[in-house]
Amino acid sequence: MGEQAVTGAGGAPAPEKTPDATGDDAAAAGTGSAPTGGPASAGMTADGRPAAPADVSGAGMSADAAPGAPTGGAPAGPATRTADITAGPGGVMTDEAGVVTGELTLRTEHADGTVRLRVQYKDADEWYAVTGGSAPLADPAALDAVHTIAVGLLNRPEG
């Protein structure tokens with residue numbers, strides 16, 4: 001392989017002619033870097049200005065956000081999705097009532113970092129927890145996908 005030019009601060013050739021593996025040269029130069037002590041941007045900009053923090057909603061990430069800081073995603077608190085389904089042969093196993101069959105309503109809930117599946121007989125008042133239907137879900141934006149999968153698995157109108 002050929003040689004690569006190694007530059008220091010301001011585009012000048014680096015005096016040691018080896019890559020600065022620690023980043024000390026760039027940090028000492030103070031050009032375009034993020035404030036010290038805080039998170040640094042993972043991106044670069046063409047105009048040389050530091051990149052602004054970026055919200056990456058739906059991916060469960062926010063670049064340059066402090067841990068635990070709101071990221072501008074869905075509002076906090078419980079969120080739910082519902083759909084009418086027909087249980088397949090063998091029904092849907094629940095913690096409280098055992099197997100439920102026939103025309104049901106499925107509710108997918110997200111609260112406190114957990115997704116839970118519940119069912120009720122269509123137009124009834126009482127909800128039952130689906131056995132094994134609870135899992136950690138950090139990103140509330142994924143609730144729609146989880147609900148769609150649950151409906152696909154439990155809705156069996158053809159038997």
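A residue counts as buried when its relative accessible area is under 20%, and as exposed when that area is over 50%. The exercises below use a predicted model.

**Exercise 1.** State what share of the protein chain is buried, and how much surface the chain exposes.

*Solution.* Step 1: apply the cut-off to the 159 residues of the protein chain; 20% of them count as buried. Step 2: turn to the surface, where the chain exposes about 10,700 Å². Step 3: carbon and sulfur atoms supply 56% of that area.

**Exercise 2.** Describe the order of helices and strands along the protein chain.

*Solution.* Step 1: count the elements, which gives 2 helices and 8 strands. Step 2: read along the sequence; the pattern is α-β-β-β-β-β-β-β-β-α.

**Exercise 3.** Decide whether D95 is buried or exposed, and name the patch that includes it.

*Solution.* Step 1: locate D95 in the loop between strand 4 (92-94) and strand 5 (98-100). Step 2: D95 has 53% relative accessibility, so it counts as exposed. Step 3: D95 forms a negative surface patch with E96, D125 and E126.

**Exercise 4.** Give the sign of phi for D112 and for D123, and place each residue in the chain.

*Solution.* Step 1: D112 is not a glycine, yet its phi is positive, about 55°. Step 2: D112 lies in the loop between strand 6 (103-111) and strand 7 (114-121). Step 3: D112 counts as exposed because its relative accessibility is 80%. Step 4: D123, also a residue other than glycine, has a positive phi near 70°. Step 5: D123 sits in the loop between strand 7 and strand 8 (128-136). Step 6: with 72% relative accessibility, D123 counts as exposed.

Conventions: Residues numbered from 1 in each chain as written. Predicted model: local features only at pLDDT ≥ 70, side-chain atom pairs only at ≥ 80, totals over all residues. Heavy atoms only, no water. Helix = DSSP H or I, 4+ residues; strand = E, 2+ residues; numbered from the N terminus. Buried < 20%, exposed > 50% of the residue type's maximum accessible area, 1.4 Å probe, protein only. Areas by Shrake-Rupley, 256 points an atom, 1.4 Å probe, with all protein chains shown as cover. Patch = residues over 30% accessible without salt bridge, like charges linked within 9 Å, V, L, I, M, F, W, Y side chains within 5 Å. Salt bridge = Lys/Arg side-chain N within 4 Å of Asp/Glu carboxyl O. Lys, Arg positive; Asp, Glu negative; His and termini not counted. Charge placed at Lys NZ, Arg CZ, Asp CG, Glu CD.
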